[in-house]
Amino acid sequence: MSIKFPCVKCELTGNFNGLFTCNGCRQSFCANHSIDHTNKLRNRFEDFINEFTLINDIFHDYKQNSNDFPWKKQK
Ligand SMILES: [Zn+2]
Ligand SMILES: [Zn+2]
């Protein structure tokens, strides 16, 4: 038995065929809101990648400039 949940955005229950369950947050969305949600997730993912790249660049520079790390000194 599989339980179908309504769209969390508009609580649409009559269109189960179009409902999509997000693997990330396990919430159900109708066709319209699944697109909405996927776009949001993609933007957040891109933000995350941008941040990661930025941090990676900073550490890369740091490694080149210094062999010692501040968190190693604390030990
Ligand atoms: Zn909806
Ligand atoms: Zn989600």
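Helices and strands here are DSSP runs, numbered from the N terminus, and a strand takes at least two residues. With that in hand, let's look at this predicted model. Its protein chain holds two helices and two strands. Start at the N terminus and you'll meet them in the order β-β-α-α.

**How sure is the predictor?**
- The protein chain has a mean pLDDT of 77.
- A pLDDT of 70 or more is reached by 68% of the residues.
- Confidence is highest in strand S2, where it stands at 88.
- Confidence is lowest in helix H2, which covers residues 70-73 and has a mean of 60.

**The chain as a whole**
- The protein chain has 75 residues, and 7% of them count as buried.
- Now take the contacts between residues at least 6 apart in sequence: 6% of these join residues at least 24 apart.

**Meet Pro6**
- You'll find Pro6 in the segment before strand S1, and that strand spans residues 20-21.
- Pro6 is partly exposed because 16 other C-beta atoms lie within 10 Å, a count that falls between the cut-offs of 12 or fewer for exposed and 20 or more for buried.
- Pro6 and Cys30 are 24 residues apart along the chain, yet their C-alpha atoms are separated by 7.8 Å.

**Meet Arg26**
- Arg26 sits in the loop between S1 and S2, the latter being the strand at residues 28-29.
- Arg26 is exposed because it has just 8 other C-beta atoms within 10 Å, and 12 or fewer is what counts as exposed.
- What is the phi of Arg26, positive or negative? It's positive, at about 60°, although Arg26 is not a glycine.
- Why point that out? Most residues other than glycine have a negative phi.

Key. Residues numbered from 1 in each chain as written. Chains lettered and ligands numbered in written order. Predicted model: local features only at pLDDT ≥ 70, side-chain atom pairs only at ≥ 80, totals over all residues. Helix = DSSP H or I, 4+ residues; strand = E, 2+ residues; numbered from the N terminus. Contact = placed C-beta atoms within 7 Å. pLDDT = per-residue confidence, 0-100.
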